[in-house]
Amino acid sequence: MNAKMLPIGVDDFRKIRTEDYYYADKTSFIRDLLLNRGEVNLFTRPRRFGKSVNMSMLRRFFEIGEDGKLFDGLAISNETKLCETYMGQFPVISISLKTAHGDSYEFAKNELCTVIANEALRFPFLATSEKLTETEKKRYDQLTKVDETLQSAFAMSEATITSSLKTLSQLLEKHYGRKVIILIDEYDVPLAKANVFGYYDKMIVLIRNMLDAALKTNESLFFAAMTGCLRISKESIFTGLNNLKIYSLLDAECNECFGFTDAEVRQILDYYGLSEYYDTTKEWYDGYRISDAYVYNPWDVINWCNQLLKNPDKRPKSYWKNSSSNEEVRKFIRRMGDGVTKAQVERLISGETVQKSLEEQLTYNTMYDSVENMWSLLFATGYLTPAEMPYGNLARLKIPNNEVRDIFSDFILELFEEKVAEDGTLVTEFCAALKNGDTADVERVLMKAMGKTISIRDTAVRKEFKESFYHGLILGIILFKSDWGVTSNRESGDGYYDLQIEIEEEETGIIIEIKYAEGGDLDAACKDALDQINKNHYTAELREDDMHKILKYGIACYKKQCRAVLERESF
């Protein structure tokens, strides 16, 4: 039997269930929501944690006319009474605001019009419904009207946008004789983008007025569910909304409904014959704490499994990083020395914790105004997680896993490279020392460079990460030598070397193997590095390329100390 496809980028629950995609059963979310719901329910989770799939699942469960067989064999099917009462019994308005943005307010507003109009067009029967008056049919027509001057884009006034969801729910209630469920996915994306492009004040008024009309003064509403990354301050967007129930990263209710649990990850790996990769999967993609539960990033797990099925020797990497700009971490790292201390960042990178006061209610236009806000932002967006349950607002925060640690490391090294570029002498001195075989100068300049960035503490973080960090630091220097051929982590001989340099004009090749000196024994680590070069014949490629002078460096690092040992060979 062929294995099910992995649902990479597929967030339509019906498509997942009907087109033979793998599905980690999250339908218990329906039960938990029904038993614990408020009138308006907001779920805040980091990006790529399955919010859109869950919202699609809710629509397919509740909406009139949907096929209940989609849920056969899933956990919710065991809740007979709930299924009889709620399955397929409600008109549902379901929109995603993830595309309702742009580089100007007018463009973003038009995108919002398109989202609303496309949803209204799912109910064409409202245009001819005998249960609606002619006036009500005209109100429906306003939601689907095309403006020819905008090349067939849907056009609505701000007043129509503001009342759109409320209007549509009123029309659906009158047609069906049933109150309406409203689902809004990624409610805060328009605000995040508006803040970037400078029209935040206009956009927040528009979104606030639309949500107020749909969720606060709407007698046609049965209940609503929303998702987003941030819990936007009530004063800025949910003013007067006294029926809002928040399910945040600190709440126990529904805490395993977004993200993969450990049991679910074990099942996925076992299903695809990848159980031997469990430890690596856990180290890289687990560790996000939601109340007393730990979950994995599902986007990463799915992509990682997909890569392993293609290439079992594939090394883990950050898939999450490539799906966003990670601007939150970049701006945080750039605050080192301006409210963020190197010691705090060093503790995080090394697997330790820092104690901070969390503010769960943020606004996009103030989230970078203070370092305190930025700590809370990193928590809300998943880059930091509590090491234990917070005491009041105080929490001991840590980096959840290797993937996020890799993201922090990348931006630390990016900042380091900028400092190296500003200091032209450092590149010149270090590269000259390498080429000339001057180990004392290699050590001196490298320790000078280390002083410009953070150090890695001798803690529980795996040795591979520590070595990778110092690898990136050295690579960040020598890459500025534009006339050198530099390669990294490439196969040669019987293994993968760390760094290789070819200086063609001088027929000189350099191999560098970098070790982290656990416990500070730099000499032993340098010996291990040289032994590895020789044992695995890392110089084979240099010989093939006619490099007649070869320098083999074993370099050991420990915090801000380093040692370099050299062997030469020629032929």
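Biologist: Two strands pair if DSSP finds at least two bridges between them. In what order do the three strands of the open sheet that includes β14 lie?

Modeller: The order is β11-β14-β13, and the pairing is antiparallel. Helices (H or I, at least four residues) and strands (E, at least two) are DSSP runs, numbered from the N terminus. This is a predicted model, in which local features need pLDDT of at least 70 and side-chain atom pairs count only at pLDDT 80 or more, while totals for chains, interfaces and linings use all residues. Residues are numbered from 1 along each chain as its sequence is written, and side-chain values use heavy atoms, with hydrogens and water left out.

Biologist: Which are the edge strands there?

Modeller: They are β11 (354-357) and β13 (385-386), each of which pairs on one side only. Two bridges link β13 to β14 (residues 394-398) in the antiparallel sense, and P386 has L397 of β14 as its bridge partner.

Biologist: Which helices lie across β11 and β14?

Modeller: Helix α15 (residues 342-349) lies across β11 and β14, at about 115° to β11. Helix α16 (residues 371-380) lies across β11, β13 and β14, at about 105° to β11. Axes are lines fitted to C-alpha atoms, for helices over the stretch in contact, and angles run from 0 to 180 degrees between N-to-C directions. Contact means heavy atoms within 4.5 Å.

Biologist: Next, the interior. Which residues touch the most other members of the largest nonpolar core?

Modeller: Among its 135 residues, I333, F408, L434 and I477 touch the most other members. A nonpolar core is a set of buried Ala, Val, Leu, Ile, Met, Phe, Trp, Tyr and Cys residues joined through side-chain atoms within 4.5 Å. Buried means under 20% relative accessible area, exposed over 50%, and partly exposed in between (1.4 Å probe, protein chains only).

Biologist: And what is I333 in contact with?

Modeller: Neighbours within four places in sequence aside, I333 is in contact with V345, F408, F411, I412 and L415. Another core, of 33 residues, lies apart from that one and has L74, I181, L183 and F258 among its members.

Biologist: What about the sheet with five strands?

Modeller: That open sheet is parallel, in the order β2-β5-β6-β1-β8. At its edges stand β2 and β8 (244-247), each with a single partner strand, so one side of each has no neighbour in the sheet. From one strand to the next, the twist averages 15°. Five bridges join the parallel strands β2 and β5, and I95 stands opposite I184 in β5. Helix α9 (residues 200-215) packs on this sheet, touching β1 (40-44), β5 and β6, and its direction makes about 145° with that of β6.

Biologist: Is α3 largely enclosed or open, and what covers it?

Modeller: Helix α3 is largely enclosed by the rest of the structure, because 12 of its 12 residues are buried. Its buried residues include K51, N54, R59 and R60 as well as V53, L58 and F61. Their cover includes α1 (13-18), α2 (28-36), α4 (80-86), β2 (92-96), β5 (180-185) and β6 (221-228).

Biologist: How buried is strand β18?

Modeller: Five of the five residues of β18 (residues 499-503) are buried, so this strand too is largely enclosed. Both faces are covered, with L499, I501 and I503 on one side and Q500 and E502 on the other. In a regular strand the side chains alternate between the two faces of the sheet.

Biologist: Which strands pair with β18?

Modeller: Strand β15 (residues 485-488) pairs with β18 in the antiparallel sense over four bridges, and V486 has I501 as its bridge partner. Five bridges join β18 to the antiparallel strand β19 (residues 508-516), where E502 stands opposite G509.

Biologist: What lies between β18 and β19?

Modeller: The two strands form a hairpin with four residues between them. In the turn, E507 has a positive phi of about 50° although it is not a glycine, and E507 is partly exposed at a relative accessible area of 37%. Most residues other than glycine have a negative phi.

Biologist: Where does D546 lie, and what is its phi?

Modeller: D546 lies in the loop between α22 (540-544) and β20 (549-558). Its phi is near 60°, again positive in a residue other than glycine. D546 is partly exposed, with a relative accessible area of 46%.
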